[in-house]
Every structure is written in structure tokens, then in C-alpha cells.
Amino acid sequence: MVEHDVHQQTYSLVKLVVLVCLLFLSACISVEARIRHYQWEVNDEYKSPDCYKKPSIIINGKTPGPTIVDQQGVTTVVEVKNSLFTESLAIHWHGIRQIGTPWADGTEGITQCPVVPADTFIYKFVVDRPGTYLYHAHYGMQRQAGLQGMIKVLVPNGVVEPFSYDHDRNILLTDWYHKSTYEQATGLASLPFVWVGEPQSILIHGRGRFNCSAPSTDATLCNATHPQCTPYTMTVVPGKTYRLRIGSLTALAALSFEIEGHNMTVIEADGHYVEPFVVQNLFIYSGETYSVLIKADQDPTRNYWASTKVVSRNSTTPNGLGIFNYYPNHPRRRPPTIPPVGPRWDDVAPRVDQSVAIKSHKDYIHVPPQTSDRVIVMLNTQNRVNGFMRWSVNNVSFNMPHTPYLIALKHNLLHTFEQTAPPDNYDHENYDIFNVAKNVNATTSNSIYRLKFNTTVDIILQNANTINPNNSETHPWHLHGHDFWVLGYGNGKFNQSIDPKNYNLENPIMKNTIPVHPYGWTALRFRADNPGAWAFHCHIESHFFMGMGVVFEEGIEKVGKLPTSIMGCGESKRFHRP
Ligand SMILES: O=C1O[C@H]([C@@H](O)CO)C(O)=C1O
């Protein structure tokens, strides 16, 4: 009996141990399955995405780089080897809020030091929400040399989205210049100023077509039959519905995108579900992402044009063209029709209408706080500083410090940047937004806005006339580390006592990038609840380069121990351990 009991006990113990081991193993496997590793190498190489040979920056041989596809909740580890000859780099994960990992935001000068050639930097962050996001260089003007791509975050197994489709596709829209990034940056920072001008091509997922026989084109650099510049083709099966995720990372251009003869139902914007609405042209600004549903319900015996056009600027850039290919027609078969011309570049009303139409899906509303603790009005102006062309917020043009803010703030190196806070407003009474400023001179500073942790902040982006008469541009503003509620848009000068009464506080969409339309204002609200230092800037690459941005700090005391891998520049040299 006793012996039997001992056996019984031993048996139970073994069973328990085996069970614990199995549980541990499966936990390990499931944890392992929740981590995805990517290995990237960044190189300089000639590419001809529009048939014209240009020095480009590529990831694993490609631009756009590989699309990251992960499920919500996955820890994404991207090991980036910098194999550029002489340039450092940093990569930003655009739309990923980096909750608890502010050091992985990839903004040079703000959250990290640049990654020098031959070094490898490991970005590690959680893709915590389903949706469509982007990644791109955030150092100098490297983005427009090709260092960019898309991130697709899928819903977990069993989670149903508020729409259905048969296939999931994604395209990145970019504009493309033939001059190198360095030549362009040099022009912007020179006296006299040399503007980058209009892009030579619009690329649909890295493919365009420059006219090699255009006057003054160097024939030795342009090859109309280069395999890299065959048009982008999206093949569809008649009757099926496609979710098309569209991202824009243009350097300059605001775009209209359409598929000839097909309606598009907008369902997602910057990772948030939209109350569906139908468009023929989708207006998309640099830094934005949308998902649209397209049904392949037109004549299946032919192909159709996919077309994208520059709006908001009187551009010389030809429309970007691709082929919407009905299977089994040949994917290169030219559609029998003339490509769509697209909307007028200077017709602002339909663009504002689209902005206003984007509301939160009714079943996914995040109700915003009904009041805010602080209102910052940001006047956007083009200025001169010591003769140099700049852009400013409230007459302050942003300069990057040598020591990234996150490190300076966390390690109390406050002498590394100016401590006078930038202004929360401008001379509202006397500034005429409809005319060139009487005094176009501004100052530069690297001071930052320090936000009280867990408060609600309103930002009013106020547009104005540029330095040229009768001209106001569209600026897409992007906020790092947060999504914001879009409270409203208006024409002319924002009126603090009237306009807030018309804010949408019921079902505003949340976004991370938003346009401020010509001569207009855009109001947004966010919670300062993500400890770190975060950029907020115009996503036109040359404009940020010329100072059009600010930095917010919040809850710095709550930021965990910084990885030493982000250090090594400015006064952070002494903390760097390779
Ligand atoms: O920053 C810019 O400079 C030019 C032009 O204003 C120069 O005069 C332009 O169109 C911009 O967007």
C-alpha cells in the first residue's frame, strides 16, 4: 500500500514536471512567434525607377524597401546595417507610437544619434495597432533618395474588421528627382537659395516613366527600355474586391490618385477605421496612409489606368501612370483610353471637402477629451534668417541640436539646447495671413515645447501667404509618438472665440498626419501621455530641412533606461558603449 502510494506520488510528480516543461516550452514558442526579425542592409546604388539613372539609397537592393508585414502585438526587430559609403542614417517607423520605446523612433537629433557607416543599429518595437504605416529615413534629406517603405499590421487571428475584401495589396506613392539629395540640400542651405523645384516623376511603388527624349535630357543616363521602369501593374480578378493600402512619402508633392472608371471606398486612414465614403480621386499628402476598397466590376476584356497627379502646386511633373490589369489580359496591355487628367491643381475645395469627410467609423469611435489644458497656435511662415530661406513656426525656425533631445533631457544635459520656450502663439491681431509679411525675417532656435504629462493639448496649425505674393502652400504635418483627433478645418484666420464651438468632438478621426490647406487652419487635439521627445513637423522633406518643425517633451522622468546604442554624438559620446 505504502509502496503503491510512493509510486503514485512519483508518477504524479513526473506528470507535473512534464506538464510544467510543456507549458514552459509552448510559452517560449509563442513568445518566439511574437518576435519577428528583419535583417536589412542599406547601400548606395544607381537606380533607374523612371528610366533615368540616379544615385539612390536602397534597402536589400530595393527602393521602396521590403514591406514589413506583421500581426498586431508582434515585437518587430529590424537590424539595419549601414553600408553607405560616407553617410550616416536613421530610420523612422512612421505611425508606430513607440509606447515605452521612445528611443526606437529613429529621428536623428531627437531620439538618437546617426548610425555611422559600417555600424549596425537594432530597432526593436511593438506594432501595437492594426493598420497601414510607413518607414523612412529621418536624417537630412535621405528619404527622397529612396530609403523608404511600408508597414502592414494585420489584425490578430479571429478579429474581424468592419469591411471585407478578397485580396490585400499595398502601394507607396513617391516623387522622384534626378538631382542627388546632397545637391538639393546644398541648394536649400546656400546663398543665393536654390529651390529643389518640381520633381521629375511620380512613382507608383517605385515605378515611373520619364520621357527620355525630352529636351536637354542626357541620353547616356536615360534608357527608355530599362527593366526598372516598366509601369506598375496591379493584376485583379474580375468580380473580386481589393483592399488597396495607399501610402504617400513624397518629398514635396500633394497627390490625387485614381483608378480610371472605378470608385474607391475609403475605409482606413493612418491606422484608424473610417466611416466609409466613396471617392473617384483620393487626395493624399506626404506621410498619410489610406486603405480603399476597389471592386473589379468594370469591363474585364481590357485594362485601366492607375493615375496620380500633383495638386496644390502648379507642377510641371507629368502624372504617374500604372496599369490596373484585369486578369487574364496581358499586364502590359495599354488601356484603350486616354489616361485620366485628374482634378485641377488649384481647386482647393474638393481637397478640403475630403479632409472634412474623414470621420471615425461609428463602431470604433475614440471620444476625445471635451476640453483641453493648453492651446498652441502655430503660424506657418516662409522666412529669411540672415538672408537664408527658412520656414518657421511663430517666427522661430527649428535647428537640430548636436545632442539628441531624448538623451539630453534624460541625462540632464540641458545646456545642449536653448531653454527659452518657443512661443504658444503669434501676433494674432496684427499678422495678415493673406499677404507677404511686412517683415519676413525670423530667428532660429533649438528650444522645445515641454508638455505637462497626461494633459490634453490642442494645436492650431495656421497657414499664411508665403514669401511670394498670392501664394499659400499645403503643408502635411506629422506627429511622432501619438495619434491626434482631427477637430476641424477652416478657411482664413482661426478665431479662438468662435471656431472651437464648431469642433467635431463626437466622431473625429484620429490620425498622425494632417494637411493644413492654403490660407486655412487645422485644429487637432492629443493627450501628452507617451513619455519621450517627439518631433512634430511638416512632412515636405525640404521644408523640415529648412526649419519647419517643433519638438515636444512629455514625461521624460518616466522614460526607462536609454540604450547606449542611440548615443555617441554631441555630449552623449561619454555614455556610448559599443
Ligand atoms: O520652400 C519653398 O521655396 C519655394 C519658393 O517659395 C521659393 O521662392 C517653394 O515653392 C517652396 O515650397
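**Domain arrangement, an enclosed strand and the ligand shell**

In this predicted model, the protein is divided into domain 1 (2-33), domain 2, which is made up of two segments (37-156 + 165-357), and domain 3 (365-575). Between domain 2 and domain 3, the C-alpha centres lie 25 Å apart, and 41 residues of domain 2 are in contact with 46 residues of domain 3. On the side of domain 2 that touches domain 3, two or more residues are given by each of strand E6 (120-126), helix H2 (181-188), strand E15 (272-279) and helix H3 (349-357). Of these elements, H3 provides the largest share, namely four residues. By residue class, this side of domain 2 divides into 23 nonpolar, 12 polar and six charged residues.

The annotation in UniProt, from an unreviewed entry, lists "domain: Plastocyanin-like" for residues 42-154, 170-328 and 430-555. Over residues 42-154 the chain is 0% helix and 43% strand, with the end C-alpha atoms 26 Å apart. Over residues 430-555 the corresponding values are 4% helix and 42% strand, and the end C-alpha atoms are 35 Å apart.

Strand E9 (residues 167-176) has seven of its 10 residues buried and is therefore largely enclosed by the rest of the structure. E9 pairs with strand E12 (residues 241-248) in the parallel sense over seven bridges, and within this pairing Asp168 has Arg243 of E12 as its bridge partner. E9 is also joined to strand E10 (residues 201-204), in this case by four bridges and in an antiparallel arrangement, where Leu173 stands opposite Ile204 of E10.

Asn465 is found in the loop between strand E25 (456-462) and strand E26 (475-479). This residue counts as buried because 20 other C-beta atoms lie within 10 Å, and a residue is classed as buried at 20 or more. When residues up to four places away in sequence are left out, Asn465 touches Ile433, Phe434, Asn435, Val436, Asn471 and Ser472. Asn465 and Tyr519, although 54 residues apart in sequence, are 6.8 Å apart in space, C-alpha to C-alpha.

The ligand is surrounded by Trp195, Gln382, Thr466, Ile467, Asn468, Glu473 and His543. In terms of residue class, this shell comprises two nonpolar, four polar and one charged residue.

How values were computed:
Residues numbered from 1 in each chain as written. Predicted model: local features only at pLDDT ≥ 70, side-chain atom pairs only at ≥ 80, totals over all residues. Near = placed C-beta within 6 Å. Nonpolar A, V, L, I, M, F, W, Y, C, P; charged D, E, K, R; others polar. UniProt positions renumbered as here; feature names shortened; annotations may be inferred. Buried ≥ 20, exposed ≤ 12 C-beta atoms within 10 Å, placed from the backbone. Contact = placed C-beta atoms within 7 Å. Domains from an automatic or database assignment. Pairing = 2+ DSSP bridges.
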